Amino acid sequence: MVGVFKRSLSFPNKLPNRPPKPSFSHHIRSISLPCRSHPLISQLRDAITELRICSSKFHNRTSSWLCDGLSRLKEVHDSLADILQLPQSQESLRRHPTWVDNLLEDFLLFIDVYGIFRTSVLALKEEQLAAQVAVRKRDDSKIDLYIKSQKKIAKEMSKLAYTIGDISSRRSDPGFYKLSITDAQLVSVIEDVIEVTVSVSVALFNGISMSLDSRKLSWRGVMMRLNKRAKKVKVEEGIQELQQVDAESLLGLRKKDEEEVRMILKRMQDLEGCIGGIENGGEKVFRSLINSRVSLLNALTK
């Protein structure tokens, strides 16, 4: 008797001519993921964050705070200049000539403003040295001229703050959604540099202006007394060292005794060091702004 066998169908586990799937012991990064930022861009972002934290301190504003802000601003623009010299950065910038042209105009305005700032600080330094001589001679007429010059410089500083603050209002949208990942990273960090340069400069200029104009200080004092919620309101502060020698303390020198005059001279000598630090910091920022603009120009011409 012959047995009955049932037909069975079998399918191969592997397709013919298909090589076996290799096994990997490590993860393969997909090329579709965003590429990592250049280390210099990451460093620049960290510097920008630190500068924002520094400039946001509305209380305890001293000459050290002001000079530190100028020093950090210089470092930010030095880092930007290094990034702009990278071949990949120059290629990205050449792909967006219109945006770079607007950027060049902004940097030109920065340079003009800081050029005027340097001139104003130099004038303040000269007036302050002349005022020390007037205090020693108890020359009230020369002190009157010094007070007037302070108010004039305060007004100039206020104008500089207004001028540089206008940059933010006229910035055009770079259109990040149209950019490649690499281009967007570069454009984004440059936009952050512009924004932090504006905000820090406005805080510095307004701080000096507030310190030199005694009328602003008096009006601010009235408003602080009237406003019961003044502690919750961010008010621009002056620079402590610049406020130590105010108009009221310099008036009526002939009626002051020797000890009072000696104390005034001591404060004015401290003020001289403060102004020297501001002058040095402003000079360095001015130079770094020029270097950044030159790097931008080189990116377009190479």
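I began with Tyr162 and found its place in helix H5, which covers residues 140-169. I kept in mind from the outset that this is a predicted model.

I then looked up whether Tyr162 is buried or exposed. Its relative accessibility is 67%, and because exposed means over 50%, Tyr162 counts as exposed.

Next I asked how far Tyr162 lies from Val202, in sequence and in space. The two residues are 40 apart in sequence, while their C-alpha atoms are 7.5 Å apart in space.

From H5 I moved to helix H4, which runs over residues 97-137 and so has 41 residues by the record of its span. From its first C-alpha to its last, H4 reaches 60 Å, which is close to the 60 Å expected at 1.5 Å a residue. Just after H4 I noted Arg138, which takes a positive phi of about 55 degrees.

I then stepped back to the whole protein chain, where I found 10 helices and zero strands. Reading along the sequence, I wrote the pattern down as α-α-α-α-α-α-α-α-α-α.

For burial, I looked up the share of buried residues, and they make up 39% of the 302 residues in the protein chain. The protein chain exposes about 18,500 Å², of which carbon and sulfur atoms supply 55%.

My last entry concerns contacts in the protein chain between residues at least 6 apart in sequence: of these, 84% join residues at least 24 apart.

Conventions. Residues are numbered from 1 along each chain as its sequence is written. This is a predicted model: local features need pLDDT of at least 70, side-chain atom pairs count only at pLDDT 80 or more; totals for chains, interfaces and linings use all residues. Side-chain values use heavy atoms; hydrogens and water are left out. Helices (H or I, at least four residues) and strands (E, at least two) are DSSP runs, numbered from the N terminus. Buried means under 20% relative accessible area, exposed over 50%, partly exposed in between (1.4 Å probe, protein chains only). Contact means heavy atoms within 4.5 Å. Accessible areas come from the Shrake-Rupley method with a 1.4 Å probe; for residues, only the protein chains shown count as cover. The expected span of a helix is 1.5 Å times one less than its number of residues.
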